[in-house]
Amino acid sequence: MTLLVYIEQHNGAALPGSLEVLGKAAALAAELGVPLSAAVLGAETATVAATLGAYGVATVYTITDPRLAHFRLSAYAAGLRRVVEVAGAGPVLASASANGRDLMAAVACDLDAGLAPDAVDLRIEAGELIAVRPLYSNNLLADVRFSGPRQFVTVRGRSFPMPAPSHGQAARQ
């Protein structure tokens with residue numbers, strides 16, 4: 001099993017929300033004792049993929065195709081689903097951008113997995129991922145527990161601090 005983070009990119013750079021999720025994911029993966037992986041899809045993925053090792057990513061899965069230059073849900077969902085299956089991902093995290101929310105919902109549905117949208121916190125309890133999400137106009141926080149082997153979560157921007165890059169390289173697949 002691996003913890004997988006979908007990295008959204010624009011003009012050859014990872015979006016800040018994806019890096020925030022990646023920083024938290026590194027801590028969660030360490031606590032679970034599993035490797036941290038990332039998925040990068042697009043017309044050009046090498047530049048973003050090369051930077052992810054500095055954030056604790058062990059393996060970067062890339063799908064590079066000119067047809068992925070612009071986000072299309074069906075194409076991106078097929079690609080991410082393939083990465084999730086090949087990587088053997090359990091938890092799959094992404095930023096709660098418009099594209100991230102749509103993509104994670106589509107892939108979770110395809111794989112008959114649980115989805116916790118718009119989480120504001122993540123933690124591990126008894127070896128399981130718990131997502132905290134607001135309800136009722138942010139007046140109530142609810143813990144979301146998953147019953148299946150795969151868990152999909154989108155995380156609201158600025159829920160976690162921006163991680164500082166270190167030195168490291170990730171394997172590419």
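**Figure 1. The whole protein, with 4 helices and 12 strands in its secondary structure.** Helices (H or I, at least four residues) and strands (E, at least two) are DSSP runs, numbered from the N terminus. This is a predicted model, in which local features need pLDDT of at least 70 and side-chain atom pairs count only at pLDDT 80 or more, while totals for chains, interfaces and linings use all residues. Residues are numbered from 1 along each chain as its sequence is written, and side-chain values use heavy atoms, with hydrogens and water left out. The radius of gyration is 15 Å, close to the 16 Å that the globule rule gives for 173 residues, so the protein is as compact as a globular protein of that length. Here the radius is taken over C-alpha atoms, and the globule rule is 2.2 Å times the number of residues to the power 0.38. Along the principal axes, the C-alpha atoms fill a box of roughly 40 × 35 × 25 Å. The accessible surface comes to about 8,200 Å², and carbon and sulfur atoms account for 51% of this area; the areas come from the Shrake-Rupley method with a 1.4 Å probe, and for residues only the protein chains shown count as cover. Of the 173 residues, 47% count as buried, where buried means under 20% relative accessible area, exposed over 50%, and partly exposed in between (1.4 Å probe, protein chains only). Taking contacts between residues at least 6 apart in sequence, 65% join residues at least 24 apart; a contact means heavy atoms within 4.5 Å.

**Figure 2. The largest nonpolar core, made of 34 residues.** A nonpolar core is a set of buried Ala, Val, Leu, Ile, Met, Phe, Trp, Tyr and Cys residues joined through side-chain atoms within 4.5 Å. Look for Leu3, Leu52, Leu93, Leu122 and Val153, which touch the most other members. Two or more residues come from each of β1 (2-7), α1 (16-32), β4 (36-42), α2 (46-51), β7 (114-119), β8 (121-125), β9 (128-135) and β11 (151-155). The greatest contribution is that of α1, with 7 residues. Beyond its neighbours within four places in sequence, Leu122 is in contact with Lys24, Leu28, Leu93, Leu129, Ile130, Ala131, Val153, Val155 and Phe160.

**Figure 3. Val84 and a second, separate core of 22 residues.** Ala39, Leu68, Val84 and Leu103 are among the members of this core. Val84 is found in helix α3 (residues 73-87), and its relative accessibility of 0% is why Val84 counts as buried. Not counting residues up to four places away in sequence, Val84 touches Leu4, Ala89, Val92, Leu111, Arg150 and Phe152. For a sense of scale, the C-alpha atom of Val84 is 26 Å from that of Ser166, which is 82 residues away along the chain.

**Figure 4. Helices α1 and α4 and their buried residues.** With 17 residues, α1 reaches 24 Å from its first C-alpha to its last, close to the 24 Å expected at 1.5 Å a residue. The expected span is 1.5 Å times one less than the number of residues in the helix. Buried residues in α1 include Gly17, Leu22, Ala25, Leu28 and Leu32. Just after α1, Gly33 takes a positive phi of about 75°. The 13 residues of α4 (residues 98-110) should span 18 Å, which agrees with the 19 Å between its end C-alpha atoms. In α4, Gly100, Leu103, Met104, Ala106, Val107 and Ala108 are buried, and these residues pack against β1, α3, β6 (89-95), β7 and β11. Just after α4, Asp112 takes a positive phi of about 55°.

**Figure 5. The aromatic pair of Phe71 and Tyr76.** Rings of Phe, Tyr and Trp (its six-membered ring) pair if their centres lie within 6.5 Å; planes under 30 degrees apart count as stacked, over 60 as edge-to-face and the rest as tilted. The count by this rule comes to 1 aromatic pair. The ring centres of Phe71 and Tyr76 are 4.9 Å apart and the planes meet at 50°, so the pair is tilted. Phe71 is partly exposed, with a relative accessible area of 27%, whereas Tyr76 is buried, at 6%.

**Figure 6. Two loop residues with positive phi, Ala126 and Asn138.** Ala126 lies in the loop between β8 and β9, and its phi is near 50°. At 85% relative accessibility, Ala126 counts as exposed. Asn138 lies in the loop between β9 and β10 (140-145) and has a phi near 70°. With a relative accessible area of 48%, Asn138 is partly exposed.
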